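Me: I'm new to this structure and would like a close look at one part of it. Could you pick a strand, walk me through its surroundings, and then show me how that fits into the rest?

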Amino acid sequence: MEFNHDYKLVCVTNRHLVKGDFYLQIKSILESRFKPDMLVLREKDLKEEEYQVVAENVMEICQGSGTKCILHYFKDVALSLGADGIHLPYTKFMDMPGTEKKQVKIKGVSVHSVTEALNAQKSGASYIMAGHIYKTACKHGLEPRGTGFLKEICTAVDIPVYAIGGINIDNARECIEAGASGVCLMSGYMNK
């Protein structure tokens, strides 16, 4: 099945899903016909020092590829490495000082309500990830929020919204029709 798209693709990493070498997988993703517009390095199990080493390697791989490398959670690592951007949970973003926000070009925020989306936008977010939209192994036991929730978020804000959670080739278009600017894929990229 051909995967034609007119929307942004965001790769969210999880090296535990990769069957081979993680860095080779990243290179392969960046050379594929499904090359993402952004790659969010989301390795939640790492300590900050470990994350920085992985971030340095992935940023080097992304350099010159046209794919923005967005670091996750560790704002100090993003600031010290001069990353393209940072993606943070809502509360961590809201607590980030404005002087630090100004130092980062792209600021992404995970939200779970319209109120959070509006607050994040008002506080300088460049984009929002809204989810989880469909059932996903990452959120086992939690009911998905669905495309109705996604549409509410997309209608409420004026910045790009990326749908996350259980998204694949079969349901991505539903997210775009709900107003999303793009979709986030984890297993679709990590399991290849």
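Reply: Here is a walk that starts with strand β3 and works outwards.

Before anything else, keep in mind that this is a predicted model. To get your bearings, the protein has nine helices and eight strands. The eight strands form a closed barrel in the order β1-β2-β3-β4-β5-β6-β7-β8, with parallel pairing. Going from one strand to the next, the twist averages 25°.

Now zoom in on β3, which covers residues 68-72. Is this strand enclosed or not? Four of its five residues are buried, so β3 is largely enclosed by the rest of the structure. One of its partners is strand β2, residues 38-41, and the two pair in the parallel sense over four bridges. Within that pairing, L41 has L71 of β3 as its bridge partner. In general, strands of a sheet pair through backbone hydrogen bonds, either parallel or antiparallel.

L71 is worth a longer stop. Leaving out residues up to four places away in sequence, L71 touches L41, Y51, A55, M59, V77, A78, L81, A83, G85, I86 and H87. The largest nonpolar core has 69 residues, and L71 and L150 are the ones that touch the most other members. Helix α2, residues 48-62, gives the most to this core, with seven residues. As a rule, nonpolar side chains in soluble globular proteins tend to be buried together.

One of the contacts of L71 is A83, so let's go there next. You'll find A83 in the loop between α3 (75-81) and β4. Buried or exposed? A83 counts as buried because its relative accessible area is 13%, and the cut-off is under 20%. Setting aside neighbours within four places in sequence, A83 is in contact with M59, C69, L71 and A78. A83 and C69 are 14 residues apart along the chain, and their C-alpha atoms are separated by 6.8 Å.

Just past the end of β3 comes a residue to look at for its backbone. Y73 is in the loop between β3 and α3. Its phi is positive, about 75°, although Y73 is not a glycine. Y73 is partly exposed, with a relative accessible area of 38%.

From here, follow the barrel onwards. Strand β4 (residues 85-89) runs parallel to strand β5 (residues 106-111), and five bridges join the two. In this pair, P89 stands opposite S110 in β5. Helix α6, residues 114-122, packs on the sheet and touches both β5 and β6 (127-131). The direction of α6 makes about 165° with that of β5. There is another backbone detail at G131 and H132: a cis peptide bond joins them, with omega about -5°. H132 itself is in the loop between β6 and α7 (146-156).

Finally, step back to the whole protein. Its radius of gyration is 16 Å, which agrees with the value near 16 Å for a compact globule of 192 residues. The C-alpha atoms fill a box of roughly 45 × 40 × 30 Å along the principal axes. Of the 192 residues, 49% count as buried. Among contacts between residues at least 6 apart in sequence, 58% join residues at least 24 apart. As for the outside, the accessible surface comes to about 9,700 Å², and 49% of it belongs to carbon and sulfur atoms.

Technical notes:
Residues numbered from 1 in each chain as written. Predicted model: local features only at pLDDT ≥ 70, side-chain atom pairs only at ≥ 80, totals over all residues. Heavy atoms only, no water. Pairing = 2+ DSSP bridges. Axes fitted to C-alpha atoms, helices over the stretch in contact; angles between N-to-C directions. Contact = heavy atoms within 4.5 Å. Core = buried A, V, L, I, M, F, W, Y, C linked by side-chain atoms within 4.5 Å. Buried < 20%, exposed > 50% of the residue type's maximum accessible area, 1.4 Å probe, protein only. Rg over C-alpha atoms; globule rule 2.2 N^0.38 Å. Areas by Shrake-Rupley, 256 points an atom, 1.4 Å probe, with all protein chains shown as cover.
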